[in-house]
Amino acid sequence: MRVVLALVVVLLALPAHGDDDKPETQRMRFIERGQSLTATGNIAKLFDQAAYEAMNSGFPSTIRIGSAVYPRNGTSAVAFQIEERSVVYDLWDEQYVIRIDGPGGKRTRRVKYRAEALKLLTAIDDFPIARLADIPLEDVFYLTLTVQLNPVSKETLAEVRRWISQGTGGGLDRGGVFFGSFVSVFVNPKIADADRVLRIRSQPFYRPKP
Amino acid sequence: MRGLAAFVLALLVTSAHAEEVVPGEPEGRDVPAGAPAVDAAGNLKPDDEYGPVLLIERIDITGNTATQDDIIRRALPIAPGDILHASDQRLRNARFKVLALGFFREVTLAMHKGTQRGNVIIEIVVAERGTFVLNRLWFGTTDASPYWFGTDVGERNLFGLGIAVGGGFIYAARGSIDGTRDQWAGELRLADGSLRGTRWGANGSLTLVRGSDFYRAAGNPDDDDNANFRGFPYRRFGGRFAATYDISALTRLSIASRIESIAAEPPSAPTRVLPDGRIVNVDLHVEPGNSRVVTAGLGIDRDTRSDPILPHSGTRIAAAVEVGTSALASDYDFATIFARFEHWWPLRSERHALGMRLAGGAVIGNAPRFDRIHISDVNRMLTPRALGLVLSSASPLDILTTRDDKPIYGELGGSASIEYAVRLFRGSGRRRVYGGDLFVGAGVWGLAELSDVQLRDSGVWGALPIDLYIDAGVRVDTDFGIFELTVANALGRLR
């Protein structure tokens, strides 16, 4: 009986294995700029055709770039940054308004063409990832980037699926509601926590002594 | 010379070798580290709005063949006449507010020019999904009931009105316990979580139970032979009616009332022969003949778990108080309080999670048998009640060698458990399998009568009405259902 159950689980799991979120390795460029360490990479493939078309919808498209610098053999980040970039299309002025909100402050740009807007949204050029003071000389680190397209807040995710746990009221017996676990729900729509996610890991790097 | 420092290292070493950072040319821009630009919920702050100011001239909805337009319009955080920035949070949330109804597989929004400069028309295209839901399947076999089967189903969007209707039915065949009979129970439910788009909701249910319950009349506490039990028939018929109010999107208050009639035929003087030969009275906590239960209750439920099926973060807290009193024409004067707390701590970038679950309740006064805490409510390794029917006479596993004669019904009960979950896989959302977790959990459960707490006739350890429960298994979240394959679940169907 247990063998059959285990087989069912394995069969259910197989179709989804390909979607597991292993980071891809990308060769990146690291440069010291003033008191900051910056990185240059490429996240253009975050946008597929549908996402590119959606930039014209008039609704905001947002990407959130989370960067973290880890010691080569460590799991605790020594530096962590989040930058959020959004674009909305102004239907009447026929231009794209881009807002970049990150450690460097807030900036707003207006461009005429969608390709320009996409370039601004996905440019990882001299992207500040850490203060130099946090990156000791000669120590080896690597950078991870987690880039989400149209991320959904945890609160919104909870709201979308709250009907599963709240149900439709109960009958005469209430005890089971408090002690039981969840119910089985068939036909069970779920939204992802972002339209698309890129997980990138850089090659190891270090700061040489001057 | 310093300009040269900005060039990229042309030759990249293999992953086994670290790459040297090239000192760059200062740009006079000092970038502060650390502070994220978004708040904890991941939202931009209100003053971060940008983009053109728009006036919503009209909202067009297409693709809905069953669901009425009004249901969708009520869910939207925007309406014709609203003036807002193109980046306004309400526009960002509009899609999810419609998805949160649970009636649509996909929701797409687009904006078109209106009749005047600055005016826009919002177009919402929805793709409906089936809203027929299979809530539960009951099946299994035990000594007390050779087989039982049943199901609970629902339609969450009746006639496209956003009203949920559901019901369940279970049949359990009689075992060989004297005085028992074939059992069945049915329930009908009706609910509207948002009356005319307001925060108020209402739900009601009708339940009919033709059952039989049993009590231990002889034998050692761990001797589950059917000959040691005696049964009696009963019938319950009643309804629960509640009004709900959403304090926030994730917090719901409810006020409820229950009216129920009980017709029971318990033995006139039920007794139990103890292993040492003494004969003691057994209180079945049910009035012979016809009796009535009338209660009023209050409850609160807050659930911040981003994924109630495979939770890796967030909290759920729920509590309910119910009072039955002769002032409401009830034959039973009693009060119950139940509460549940669950919290999840993400570990290792949310790939693992540690969860804590606390659940407990107290029953005060002359509560009917069916309102007391059943041992299967607190011990997940026993067959749970289904629509009120008791389906197993199995005694709990005696792991801690504490009190061996644990009550079947109690006035104080609860469980505390820790669960460790490991992410097996996650789908992209486009596939039919969303994800799966492997979990292992352990905890303590307890059930006692108030008198057990006040008096004891053995050592402290031997008198403790607590024991361990252990569970492990797999949870799989799919497009077509949620499956929990666990050791406790299997035991609950077979013991």
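Two residues are in contact if their C-beta atoms, placed from the backbone, lie within 7 Å. In chain B of this predicted model, residues 24 or more positions apart account for 58% of the contacts with a separation of 6 or more. The chain has 495 residues, of which 40% count as buried, and its secondary structure comes to six helices and 25 strands.

One part of chain B is an open sheet of four strands, arranged in the order E4-E3-E6-E5 with mixed pairing. At its edges stand strand E4 (83–85) and strand E5 (104–113) of chain B, each of which pairs on one side only, and the twist from one strand to the next averages 40°. Within this sheet, B:Ile56 stands opposite B:Val120 in E6(B). Helix H2 (residues 89–99) of chain B lies across E4, E5 and E6 of chain B, and runs at about 150° to E5(B).

Further along the chain come strands E7, E8 and E9 of chain B, whose pairings are listed below together with that of E3 and E6 of chain B.

| Strand pair (chain B) | Residues | Sense | Bridges |
|---|---|---|---|
| E3 and E6 | 53–62 and 119–128 | parallel | seven bridges |
| E7 and E8 | 132–140 and 148–158 | antiparallel | eight bridges |
| E8 and E9 | 148–158 and 163–172 | antiparallel | nine bridges |

Strand E8(B) takes part in two of the listed pairings: towards E7(B), the bridge partner of B:Leu137 is B:Thr151 in E8(B), while B:Trp148 stands opposite B:Ala172 in E9(B). E8(B) and E9(B) form a hairpin with four residues between them, and in its turn B:Phe159 has a positive phi of about 50°.

Methods: Residues are numbered from 1 along each chain as its sequence is written. Chains are lettered from A and ligands numbered from 1 in the order in which they are written. This is a predicted model: local features need pLDDT of at least 70, side-chain atom pairs count only at pLDDT 80 or more; totals for chains, interfaces and linings use all residues. A residue is buried if 20 or more other C-beta atoms lie within 10 Å of its own, exposed if 12 or fewer, and partly exposed in between; C-beta atoms are placed from the backbone. Two strands pair if DSSP finds at least two bridges between them. Axes are lines fitted to C-alpha atoms, for helices over the stretch in contact, and angles run from 0 to 180 degrees between N-to-C directions.
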